[in-house]
Amino acid sequence: MKHTGRIALFVAALGTFFVALMLFGARLGLWDPLTGFGLYRSYLTPVGWVVFGVGLLALIIHLLRQEKGGVVAGGIATLVGLACLAPLMTMTLAPPQRAAPIHDISTDTANPPTFEVLDDTREGASNSLDHGGPEVSAIQAAAYPDIAPLETELAPDAAFDRALAVARDMGWDIIVADGDRRRFEATARTQLFNFADDVVIVVTAMATGSRIDMRSVSRVGRSAQGVNARRVRAFQERFGT
């Protein structure tokens, strides 16, 4: 029983390793993003309960035996278990609002920017790049009324250069950039699970300054948990005016 704390630490380390694999395995090329997400949904909570249970048992045993080192080890393992269970507790206490059932977000829903190089043959894609039309536009307007074109006082060429720089700063993979037409296509990947979303940005000259339109489309998933809308907001915030 004197090694219970060490066992708890080993279980916590093993659990942490498995959780890291679930989150980043796709980025390491071990499996596709959907597989990693499926593993996360299926096994994060069981891993959390095992680590928490072993850690709590070690904590109690070493408290009763007044063994400081074992208490620390059991406490650490218990905290690791609670961290794994945090998503479950959060969803139980404050269930998240469901994202709108659309995976395609555009700043211009009347005339969405089109993809010219990226197409439906892109790797791992089950969603089409064809816009869903008025139905999708109506859902977007209701769910994300703040999504709109970005207007800037910058001249068109300067706005295009800045948009391209912001995209690179955000870690997007630029697929094609056409400076003459002031448009580019890119692929952005989520930090967790490595899901790929495709982006097109078009800069249009205005009487004073420029207008920047952006469209972000997820390769898989129905709602993408609202990540496309957040990406549009993040890009516009970084760009500024």
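This is a dialogue between a student and a tutor about reading a predicted model of one protein chain.

Student: Where do I start? How many helices and strands does the chain have?

Tutor: Start with the inventory. The chain has six helices and six strands. Read from the N terminus, the order of elements is α-α-α-β-α-β-α-β-β-β-β-α.

Student: How spread out is the chain, set against a compact globule?

Tutor: Look at the radius of gyration. For this chain the radius of gyration is 23 Å, while the globule rule gives 18 Å for 241 residues, so the chain is more spread out than a compact globule. The extents of the C-alpha trace can be read next to that value: along the principal axes they are about 80 × 35 × 35 Å.

Student: What share of the residues counts as buried?

Tutor: Of the 241 residues, 41% count as buried. Contacts can be sorted by sequence separation too. Among contacts in the chain with a separation of 6 or more, 65% are between residues 24 or more positions apart.

Student: How are two packed helices described?

Tutor: They are described by the angle between their axes and the distance between the axes. Take helix α2 (residues 33-64) and helix α3 (residues 68-93): their axes come within 7 Å and cross at roughly 155°.

Student: Are α2 and α3 roughly parallel or antiparallel?

Tutor: An angle over 145 degrees counts as roughly antiparallel. The α2 and α3 pair is therefore roughly antiparallel. The crossing of α2 past α3 is left-handed. Sorted by class, the residues in this contact are 17 nonpolar, nine polar and no charged.

Student: What about α1 and α3, roughly parallel or antiparallel?

Tutor: Helix α1 covers residues 4-24, and its axis comes within 8 Å of the axis of α3, with a crossing of roughly 25°. Angles under 35 degrees count as roughly parallel, and α1 and α3 are therefore roughly parallel to each other. Here too the crossing is described by hand: α1 passes α3 in a left-handed crossing.

Student: Which residues of α1 and α3 meet?

Tutor: On the α1 side they are Gly5, Ala8, Leu9, Ala12, Thr16 and Val19. On the α3 side they are Gly70, Ala73, Ile76, Ala77, Val80 and Cys84. By class, the contact of α1 with α3 divides into nine nonpolar, three polar and no charged residues.

Student: Now single residues. Is threonine 4 buried or exposed?

Tutor: Compare its relative accessible area with the cut-off: under 20% is buried. Threonine 4, in helix α1, has 11% and is buried. Leaving aside neighbours within four places in sequence, threonine 4 is in contact with Ala58, Ile61 and His62.

Student: And leucine 14, buried or partly exposed?

Tutor: Leucine 14 is also in helix α1. Its relative accessibility is 37%, which counts as partly exposed. The C-alpha atoms of leucine 14 and valine 47 are separated by 9.4 Å, with their positions 33 residues apart along the chain.

Student: Where is glutamate 153 found?

Tutor: Glutamate 153 is in the loop between β2 (150-152) and α5 (156-169). With a relative accessible area of 73%, glutamate 153 is exposed. Glutamate 153 and alanine 207 are 54 residues apart in sequence, and their C-alpha atoms are 9.8 Å apart in space.

Student: Which residues does isoleucine 102 touch?

Tutor: First place the residue: isoleucine 102 is in the loop between α3 and β1 (104-106). At 5% relative accessibility, isoleucine 102 counts as buried. Not counting residues up to four places away in sequence, isoleucine 102 touches Val136, Ile139, Gln140, Tyr144, Arg222 and Ser223. For a pair separated in space, take isoleucine 102 and valine 54: they are 48 residues apart along the chain, and their C-alpha atoms are separated by 42 Å.

Student: Which loop holds phenylalanine 193, and what is its phi?

Tutor: Phenylalanine 193 is in the loop between β4 (183-189) and β5 (196-205). Its phi is near 75°, a positive value in a residue other than glycine. Phenylalanine 193 is buried, with a relative accessible area of 9%.

Student: What is the phi of asparagine 194?

Tutor: Asparagine 194 is not a glycine, and its phi is positive, about 65°. The loop between β4 and β5 holds asparagine 194. At 10% relative accessibility, asparagine 194 counts as buried.

Technical notes. Residues numbered from 1 in each chain as written. Predicted model: local features only at pLDDT ≥ 70, side-chain atom pairs only at ≥ 80, totals over all residues. Heavy atoms only, no water. Axes fitted to C-alpha atoms, helices over the stretch in contact; angles between N-to-C directions. Helix = DSSP H or I, 4+ residues; strand = E, 2+ residues; numbered from the N terminus. Parallel < 35°, antiparallel > 145°, perpendicular 65-115°, else oblique. Left-handed = near helix turned anticlockwise from the far one by under 90°. Nonpolar A, V, L, I, M, F, W, Y, C, P; charged D, E, K, R; others polar. Rg over C-alpha atoms; globule rule 2.2 N^0.38 Å. Buried < 20%, exposed > 50% of the residue type's maximum accessible area, 1.4 Å probe, protein only. Contact = heavy atoms within 4.5 Å.
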